[in-house]
Amino acid sequence: MQLMTKPVAVLVAVSSLLLLVSFGAVVDAQTDVTGTWEVTLTTQAGETNWTATFTQDGERLLGEIDLGDREILSLEGTVQGSAIKFTFVVPDLDGDQPIDLSGEVMGNTIQGDNGSFVWFGRGDWTAAKQVS
């Protein structure tokens, strides 16, 4: 068995590293939530459906969430790998109420974390991307 020369070993190592970095960039590029999503919040108060429209620029997330009854609110957050976090503020006579949502993006679905959602109660949420 012939041993690799040092320049060949370095070339193999650099090529392997570039391949891993390229693969990582492809995986990260696949987590793009830009588009319209149907959000379902499930709490002890029942099921609530909203429509969220996301625009993603790198890790930065902006958009709107339609709570129904012509109440469309701005949202902002982040997407890091498959983790998504965003916040929107619901105006209320007793003071604005921020609602924070976080979860994991899995293709065209999001599995939300369990949490407390102000007057909506405690529960979890999911989302499905509308595909046209």
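Of the 132 residues in the protein, buried residues make up 27%. The model is a predicted one. Begin with the whole chain in view, coloured by secondary structure: the protein has 1 helix and 9 strands, and along the sequence they follow the pattern α-β-β-β-β-β-β-β-β-β. The accessible surface of the protein comes to about 8,700 Å², and carbon and sulfur atoms account for 55% of that area. Among contacts between residues at least 6 apart in sequence, 28% join residues at least 24 apart.

**First stop: strand β3**

Select β3, residues 60-66. Which residues lie on the covered face of β3, and which on the uncovered one? Leu61, Gly63 and Ile65 form the covered face, whereas Arg60, Leu62, Glu64 and Asp66 form the uncovered one. In a regular strand the side chains alternate between the two faces of the sheet.

Next, add β2, residues 46-57. Strands β2 and β3 run antiparallel and are joined by 7 bridges. One place to display is aspartate 57, whose bridge partner in β3 is arginine 60. The hairpin of β2 and β3 has 2 residues between the strands, and glycine 58 takes a positive phi near 65 degrees there.

Then turn to the other neighbour, β4, residues 72-80. Here too the strands run antiparallel, with 7 bridges joining β3 to β4. Glycine 63 stands opposite leucine 75 in β4. The hairpin of β3 and β4 has 5 residues between the strands, and in its turn glycine 68 has a positive phi of about 90 degrees.

**Second stop: the nonpolar core**

Show side chains for Trp50, Phe54, Ile84, Phe86, Phe88 and Trp125, the residues with the most contacts inside the largest nonpolar core, which has 25 residues. Two or more core residues come from each of β1 (35-43), β2 (46-57), β3 (60-66), β4 (72-80), β5 (83-90), β6 (97-106) and β9 (122-129). Which strand gives the most to this core? Strand β5 does, with 4 residues. In soluble globular proteins, nonpolar side chains tend to be buried together.

Centre the view on isoleucine 84. Leaving aside neighbours within four places in sequence, isoleucine 84 is in contact with residues including Val33, Phe54, Leu61, Val79, Leu101, Val105 and Ile110. The contacts of isoleucine 84 also include Thr78, Ser102, Gly103 and Glu104.

**Third stop: the aromatic rings**

Now select the aromatic side chains; the whole structure holds 5 aromatic pairs. A pair of aromatic rings is described by the distance of the centres and the angle of the planes.

Display tryptophan 50 with phenylalanine 88: this pair is edge-to-face, at 5.5 Å centre to centre and 90 degrees between the planes. Tryptophan 50 belongs to strand β2 and phenylalanine 88 to strand β5, so the pair links distant parts of the chain, 38 residues apart. Are these two residues buried or exposed? Both tryptophan 50 and phenylalanine 88 are buried.

Move next to phenylalanine 54 and phenylalanine 86, which form an edge-to-face pair with 5.2 Å centre to centre and 70 degrees between the planes. Phenylalanine 54 in strand β2 and phenylalanine 86 in strand β5 are 32 residues apart, and their pair links distant parts of the chain. Phenylalanine 54 counts as buried because its relative accessible area is 2%, under the 20% limit. Phenylalanine 86 is likewise buried, at 1% relative accessibility.

To finish, select Trp37, Phe54, Phe86 and Trp125 together: ring pairs link these residues into a cluster.

Notes:
Residues are numbered from 1 along each chain as its sequence is written. This is a predicted model: local features need pLDDT of at least 70, side-chain atom pairs count only at pLDDT 80 or more; totals for chains, interfaces and linings use all residues. Side-chain values use heavy atoms; hydrogens and water are left out. A nonpolar core is a set of buried Ala, Val, Leu, Ile, Met, Phe, Trp, Tyr and Cys residues joined through side-chain atoms within 4.5 Å. Buried means under 20% relative accessible area, exposed over 50%, partly exposed in between (1.4 Å probe, protein chains only). Contact means heavy atoms within 4.5 Å. Rings of Phe, Tyr and Trp (its six-membered ring) pair if their centres lie within 6.5 Å; planes under 30 degrees apart count as stacked, over 60 as edge-to-face and the rest as tilted. Accessible areas come from the Shrake-Rupley method with a 1.4 Å probe; for residues, only the protein chains shown count as cover. Two strands pair if DSSP finds at least two bridges between them.
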